[in-house]
Amino acid sequence: MADRLKELERADDSITLRYVDGDELTIPYHELRAWCPCAKCRPRWKDPHRRLGLAEEVKRLRIEMPKAEAVGRYAVRFTWTSGCSSGLWSFEHITDIALNRLDVDH
Ligand SMILES: [Zn+2]
């Protein structure tokens, strides 16, 4: 599905993913941020025991619209003013978040 992502559109509090076949998925920024793929956050949400703490922490942050910069045709680099600017968000990862695929342990 990720390879069919056509565009990302940022609103004030969420991001919308549009796919070539017309599918549309919306992710609130605080949820997106809770699954940050950077080296600092990834180990936290990979661990089911620490994931909740990270989610709670992110919820307390002011909702912010991240800067988004395309990286090739497969990823986006989001820059958050409250830290975390080094993570590379592959379209696949963003799609996984939108479909709640990361909530199950693997
Ligand atoms: Zn991070």
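Which residues does Leu-17 touch, not counting residues up to four places away in sequence? In this predicted model, the list runs to Leu-5, Leu-8, Glu-24, Leu-25, Ile-94, Thr-95 and Ala-98. Leu-17 is also among the residues with the most contacts inside the largest nonpolar core, so it makes a handy way into a protein with four helices and six strands.

**Overall layout**

- Going along the sequence, you meet the elements in the pattern β-β-β-α-α-α-β-β-β-α.
- The radius of gyration comes out at 13 Å, close to the 13 Å that the globule rule gives for 106 residues, so the protein is as compact as a globular protein of that length.
- Along the principal axes, the C-alpha atoms fit a box of roughly 35 × 30 × 20 Å.
- Of the 106 residues, 21% count as buried.
- Take the contacts with a separation of 6 or more: residues 24 or more positions apart account for 40% of them.

**The β1-β2-β3 sheet**

- Here three strands make an open, antiparallel sheet, in the order β1-β2-β3.
- β1 (5-10) and β3 sit at the edges with a single partner strand each, so one side of each has no neighbour in the sheet.
- From one strand to the next, the twist averages 20°.
- β2 (residues 14-19) and β3 (residues 24-28) are joined in the antiparallel sense by five bridges, and Ser-14 stands opposite Pro-28 in β3.
- The hairpin of β2 and β3 has four residues between the strands, and Gly-22 in this hairpin takes a positive phi near 100°.

**The β4-β5-β6 sheet and its helix**

- Another open sheet is built from three strands, ordered β4-β5-β6, again with antiparallel pairing.
- Its edges are β4 (67-71) and β6 (88-90); each has a single partner strand, so one side of each is left without a neighbour in the sheet.
- Neighbouring strands in this sheet are turned by 35° against each other on average, direction ignored.
- β5 (residues 75-79) pairs with β6 over three bridges, in the antiparallel sense.
- Across from Val-76 you'll find Trp-89 in β6.
- Helix α4 (residues 91-98) lies across β5 and β6, and runs at about 70° to β6.

**The nonpolar core**

- In soluble globular proteins, nonpolar side chains tend to be buried together.
- The largest nonpolar core in this model has 17 residues, and those with the most contacts inside it are Leu-17, Leu-32, Trp-35, Ile-94 and Ile-97.
- At least two residues of this core come from each of β2, α1, β5 and α4.
- Back to Leu-17 for a moment: Ile-94 is one of the residues it touches, and Ile-94 is itself among those with the most contacts inside the core.

**A closer look at Trp-35**

- Trp-35 is found in the loop between α1 (29-34) and α2 (42-46).
- Why does Trp-35 count as buried? It has 22 C-beta neighbours inside 10 Å, and the cut-off for buried is 20 or more.
- Setting aside its neighbours within four places in sequence, Trp-35 is in contact with Trp-45, Ile-97 and Leu-102.
- One of those partners, Ile-97, is also listed with Trp-35 among the residues with the most contacts inside the core.
- Trp-35 and Ser-82 are 47 residues apart in sequence, and their C-alpha atoms are 15 Å apart in space.

Definitions and conventions: Residues numbered from 1 in each chain as written. Predicted model: local features only at pLDDT ≥ 70, side-chain atom pairs only at ≥ 80, totals over all residues. Pairing = 2+ DSSP bridges. Axes fitted to C-alpha atoms, helices over the stretch in contact; angles between N-to-C directions. Contact = placed C-beta atoms within 7 Å. Buried ≥ 20, exposed ≤ 12 C-beta atoms within 10 Å, placed from the backbone. Core = buried A, V, L, I, M, F, W, Y, C linked by C-beta atoms within 7 Å. Rg over C-alpha atoms; globule rule 2.2 N^0.38 Å.
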